[in-house]
There are 2 protein chains.
Amino acid sequence: MTAPAPTGVFCAALTPLDAEGNPHLQNFTAHCRWLLDEGCTGVAMLGTTGEANSFSLAERMGLLEAALDSGIAPNRLLPGTGVAALTDTVTLTKHALSVGVTTVVMLPPFFYKGVSDEGVVAAYSEIVERVGDDRLRVVLYHIPQVSAVPIAHDVIARLRERYPAVFVGIKDSAGDLANMTAMVARFPGLAVLAGADPLMLPLLRAGGAGAITATTNLVARDLRFVFDHWADPEKAAEVEAAQARVVAMRERASRFAQMASLKALVAERTGDPAWRRLRPPLVALTEAERTQLLASA
Amino acid sequence: MTAPAPTGVFCAALTPLDAEGNPHLQNFTAHCRWLLDEGCTGVAMLGTTGEANSFSLAERMGLLEAALDSGIAPNRLLPGTGVAALTDTVTLTKHALSVGVTTVVMLPPFFYKGVSDEGVVAAYSEIVERVGDDRLRVVLYHIPQVSAVPIAHDVIARLRERYPAVFVGIKDSAGDLANMTAMVARFPGLAVLAGADPLMLPLLRAGGAGAITATTNLVARDLRFVFDHWADPEKAAEVEAAQARVVAMRERASRFAQMASLKALVAERTGDPAWRRLRPPLVALTEAERTQLLASA
């Protein structure tokens, strides 16, 4: 049994914290279930928006197990498992497979800068070999403005040539539609997922597979509507309106620090101020910022 | 018992690999002991040069234990324990303390970019609180060209005000002597250690504490001579000659990728080609590069 390439609207889920600054498992699983109820195809947990790289291996595995224990099907979870150390990435990926989750989103090793394409290919290859599980499906993660390690098209080509069944998709968070459409054109069958909500619609028109985004923590229903109906001429006005709401919410949440803003808005929606917490090095909005954010349209 | 602020010549030790790409513990401990025999004050293992962030938590703890098991005194080891996730940093730091190593070199969390000073202070503070051990001594690690998270002087000031006994030093690998001397002037008692061999001498003249460097994997004896005799007018010519050899070796090892070059040169010195291996995303020199490197003066 192999998982298909991921297609749809995935939420880069936020990770709530308890009073001690540890993952708040109950709030997390409630949020994941709400996201699915809102129409998300799946939950891309433990990504950049989820502060994944601020959590230990044990915390990450605990969050994945909590999501599954809450009744979410393994094929609706797309956990991030790529960390700086290749062998830790192997541990997280093997763990995901061990609990039935076969598709993961994988950052390249991100500590060293200016690494060669050869080095990136070698890292991903070594991970696939060490995981050694035919069920594994990997969504590459291109977010050079944070990882500082871009995924070059030649890297994708070499990985898909070597492991055609494994590298099924890429999340492109660089915000450059031309890069996404170029990948759609060059790599038939590769699921290209937009990392920014506003770009999903033009990417779908170019043959893309959907999106993994942060704003879906707030407006999943609208982005799912766009995904379901973008090609239907009779729904054009509704699609346009939904897209406009998504774009407006993304702008609203980008006025101050993005993750802190998203958490402040979820805190407002749920009525639970615990949601405002972030783990260092990220910090919560100041009260003045939060007041301004909540007063904004 | 508290460790004093680190002063002297520390080697940012390379980490050799075995045929499976795992840490080669025997070669590692032999190298550490050779470094101490060559005159290193101590071994700053598991830093950038040591590919630390390419190794899992378990591998890092195994390397530290191997060094201790080989008979190296805990106070001659300065392991790096700073990783992207605060809670993993806590695990590594607690482990070091548990085996008697009290002074560690600590990167800030390095996944997110553009984080605030407040966030960096919060991260280090949270780590100190969670470690909760009065013996802990931290050398901050400023290497913005790799970590992309600089350690601002105001961050140092706030951390030393809050934890005066803990934050005893800083390794500055940015290569800017003016930044190092400014820290010497602003923070009396803070051990400022140059991350680049050629800068140790001018830094010592300005009141610095020494160096943690990569080239000492090859020329520790010379850098130690500079450290011991820089202020002795009668040794001026010998100091100058030793410094020139250090500078020349650093230039030689910087012509191609630095860590790969250092490993190729250690392989040549030891006659053990196993030393040439690097862990992805870093890669070994090509044969052509290695031939050119070995042929160079």
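This report describes the overall build of chain A and then one of its helices, α8(A), as they appear in a predicted model.

## Overall fold and dimensions

The secondary structure of chain A consists of 12 helices and 7 strands. Taken along the principal axes, the box filled by the C-alpha atoms of chain A is roughly 50 × 50 × 40 Å. A compact globule with 297 residues would have a radius of gyration near 19 Å, and because chain A has 18 Å, its value agrees with that expectation.

## Interior and contacts

Of the 297 residues in chain A, 60% are buried. Among the contacts in chain A with a separation of 6 or more, 68% are accounted for by residues that stand 24 or more positions apart.

## Surface and charge

The area that chain A exposes is about 10,900 Å², and 52% of this area is supplied by carbon and sulfur atoms. Chain A carries 27 positive and 31 negative side chains, with the centres of the two sets lying 1 Å apart.

## A closer look at helix α8

Helix α8 of chain A spans residues 197–205, and its buried residues are D197(A), L199(A), M200(A), L201(A), L203(A) and L204(A). The cover over these buried residues of α8(A) includes three helices, namely α7 (177–186), α9 (216–229) and α10 (236–252) of chain A. The strands β1 (8–11), β6 (191–194) and β7 (210–213) of chain A are also included in that cover.

After α8(A) comes G207(A), a residue whose phi is positive, near 100 degrees.

Conventions
Residues are numbered from 1 along each chain as its sequence is written. Chains are lettered from A and ligands numbered from 1 in the order in which they are written. This is a predicted model: local features need pLDDT of at least 70, side-chain atom pairs count only at pLDDT 80 or more; totals for chains, interfaces and linings use all residues. Side-chain values use heavy atoms; hydrogens and water are left out. Helices (H or I, at least four residues) and strands (E, at least two) are DSSP runs, numbered from the N terminus. The radius of gyration is taken over C-alpha atoms; the globule rule is 2.2 Å times the number of residues to the power 0.38. Buried means under 20% relative accessible area, exposed over 50%, partly exposed in between (1.4 Å probe, protein chains only). Contact means heavy atoms within 4.5 Å. Accessible areas come from the Shrake-Rupley method with a 1.4 Å probe; for residues, only the protein chains shown count as cover. Lys and Arg count as positive and Asp and Glu as negative; His and the chain ends are not counted. The place of a charge is taken as NZ of Lys, CZ of Arg, CG of Asp or CD of Glu.
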